[in-house]
Amino acid sequence: MSNSPLVSILVPTYNGSKYIRRFLDSALDQELSDFEIVFVDDMSTDDTLDVLEQYRKVFPDKICIFPSDVHHGSIGAMRNLAFSHARGKYVYWCDQDDILHPCGLKNLVDTAEEHDCEIVCGWAYITQVGDDGIATTLTVHNKKQTQAASIEASIINGIDYWVRLIRKDFAEQHDPIPENCFFDDVAYMPCLQSYAKSIRFVNYPIYYYHRRKDSASGSVRREVCEGSVKAEKYALEHCNPDYLEAVQYFVATRTEMNLNMRWQYFDVFVNWAKEQMAWIPDNHLITRNRKLFDRIKWAASLTENLIPNRVYVSGFGAAPKQERLDELREKVFYDGCDVVVLSEENCDINSNEYVKRAYENGDFEFVAGYFAVKNIFENGGVYIHDRIRILNYFTYYKYQHAIIFRLDNTTFSDCIFGAPAGNPVFSDILETYCDHWDKKQTYSPLAQRIKVILTAKYDIPLNNSGKGFSYPVSVISPNNGLVNIDFGKQICEHDFSDRYADEEYVTIKRSEILALCDIRAMSGGRRFPGNQARGSAAERELSEIKNSNTWKIVMKLRKLGDSPIGPFLKKIFYGMLKIRKKFKKKK
């Protein structure tokens with residue numbers, strides 16, 4: 001390998017033996033022949049190096065392997081290490097678990113050579129392997145027409161290494177990739193592109209990006225979310241000042257995405273949005289994109305009066321298990337919380353004669369509901385019943401003025417609710433716990449009191465819809481809190497397994513619920529926009545049929561058919577059909 005190749009394909013590896021063969025097969029099957037593949041291994045503990053060595057024996061002129069003697073644990077550090085070993089005129093960074101298009105590199109190189117480009121960008125397919133092991137192409141990533149690109153456009157339209165060929169001498173003139181960073185591409189590529197003089201898009205497929213659920217950048221963890229913000233700040237601080245507005249636009253689009261996709265750590269991106277408002281109103285690229293501007297402005301304007309990290313549980317009648325208390329402390333808020341067990345020790349039963357009578361009658365759930373509402377109004381927090389299963393952190397809901405969940409069109413949950421201190425809805429609910437409100441002493445359950453207050457005083461309609469970030473209360477729809485069927489922002493689900501003997505409840509598998517929801521979608525259900533048009537068209541067609549004269553005649557005949565003379569009419573009808581068939585045959 002004495003002659004310098006045209007392209008150096010740079011691949012950091014770590015425990016990639018499961019994927020590395022398919023990558024190697026695709027990389028070695030390139031239409032372009034003048035390339036090397038530089039592997040730097042971060043002390044893999046599986047047989048990655050053995051697999052690489054097997055391939056190097058067969059392709060000694062193509063494959064270089066540089067094992068690290070220290071585990072960096074940083075993809076940025078490994079990319080820089082690979083770059084230091086590159087001998088090509090151009091470098092192409094990619095990942096160990098993806099696939100190269102056979103014509104991709106040649107198309108990039110031909111364009112770079114013809115137009116003397118520092119960076120050439122193609123596009124990629126995104127694939128995902130389902131539970132059945134079948135890979136499905138999801139979408140085309142960043143497809144552009146073949147054309148010269150402005151620096152602004154190239155920054156705004158992406159930062160992925162794996163669709164970009166970069167001239168090595170240009171990259172050497174600028175800072176290396178930031179290390180110890182979850183999103184090294186986010187930090188590095190906006191800066192590098194901001195200093196380029198010639199960038200070109202090409203309308204060629206370059207890559208098949210394999211999306212894995214267990215990837216570090218794809219997972220939702222606190223350090224990943226903070227790492228995203230850290231990388232974006234690096235890009236803002238180190239980019240070419242002439243293109244700062246384009247980098248700011250890029251950062252704003254990522255913040256918008258993260259607010260939606262990484263909502264479990266919503267506070268990280270809300271705080272970052274607040275910082276960005278220092279310069280966003282003066283950025284004409286962002287203000288022209290009204291949707292983007294309004295989204296960041298909205299996030300930055302969210303209340304500072306957050307629901308505190310305090311969870312109330314009932315200790316009336318029976319003390320909660322320690323395992324449950326530990327679960328709530330760990331799972332409700334990522335940064336922990338105080339768990340308050342409501343019981344005779346910290347609740348003054350004698351303070352309310354109406355509630356005291358319920359306590360003396362042994363209605364401990366009623367009593368717990370009252371003291372939960374009272375404590376939330378006075379101190380803020382969230383009440384969580386034993387039947388609530390915790391699925392995700394509650395951070396997203398901390399920014400609500402109050403949260404109350406729906407169970408169906410006419411029922412609100414009394415198993416989970418919360419608010420900051422002083423919320424007026426909880427004040428109104430609290431006032432229902434008296435003889436004046438309940439003159440017949442029916443002791444309506446808390447769910448009924450919530451329903452009366454929300455519908456009568458706050459005009460909240462009885463339907464399945466939910467509305468977040470509303471004042472004075474956010475009503476959360478059933479698909480977000482009733483049962484976990486992977487429909488978006490779900491923090492919890494209700495467990496009604498103890499009600500199996502009640503005729504109002506049924507037991508059903510999650511997969512069956514999903515199937516029912518799909519059927520509803522095909523009938524015009526609102527949750528699936530792709531199927532809504534189909535359902536609406538069917539409804540219109542059915543409406544036209546029902547308004548036709550033929551339909552009206554059929555309905556009248558059907559009504560007669562159900563009458564006492566129905567059997568006689570049916571005989572006449574079938575007889576007429578036989579005569580009609582004979583008449584047709586004669587013709």
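These are my notes on the overall make-up of one protein chain and on one of its sheets.

**Entry 1: the chain.** I worked from a predicted model. I looked up the secondary structure and found 22 helices and 18 strands in the protein chain. The chain has 587 residues, and 47% of them count as buried. For the surface I noted about 30000 Å² exposed, with 51% of that area supplied by carbon and sulfur atoms. I then took the contacts between residues at least 6 apart in sequence: 75% of these join residues at least 24 apart.

**Entry 2: the sheet.** I picked out an open sheet of 6 strands with mixed pairing. I wrote down the strand order as 12-11-13-16-15-17. Strand 12 (338-342) and strand 17 (474-476) are the edge strands, each pairing on one side only. Neighbouring strands here are turned against each other by 25 degrees on average, direction ignored.

**Entry 3: one strand pair.** I followed strand 13 (residues 381-384) to strand 16 (residues 412-419). The two pair in the antiparallel sense, over 4 bridges. As a point to find by eye, I marked Val 382, which stands opposite Gly 418 in strand 16. I reminded myself that strands of a sheet pair through backbone hydrogen bonds, either parallel or antiparallel.

**Entry 4: helices across the sheet.** Which strands does helix 13 lie across? I found helix 13 (residues 322-331) across strand 11 (310-314), strand 12 and strand 13. Helix 13 runs at about 140 degrees to strand 12. Helix 15 (residues 364-379) lies across strand 11, strand 12, strand 13 and strand 16. I noted its direction as about 165 degrees to strand 13.

Methods: Residues numbered from 1 in each chain as written. Predicted model: local features only at pLDDT ≥ 70, side-chain atom pairs only at ≥ 80, totals over all residues. Heavy atoms only, no water. Buried < 20%, exposed > 50% of the residue type's maximum accessible area, 1.4 Å probe, protein only. Contact = heavy atoms within 4.5 Å. Areas by Shrake-Rupley, 256 points an atom, 1.4 Å probe, with all protein chains shown as cover. Pairing = 2+ DSSP bridges. Axes fitted to C-alpha atoms, helices over the stretch in contact; angles between N-to-C directions.
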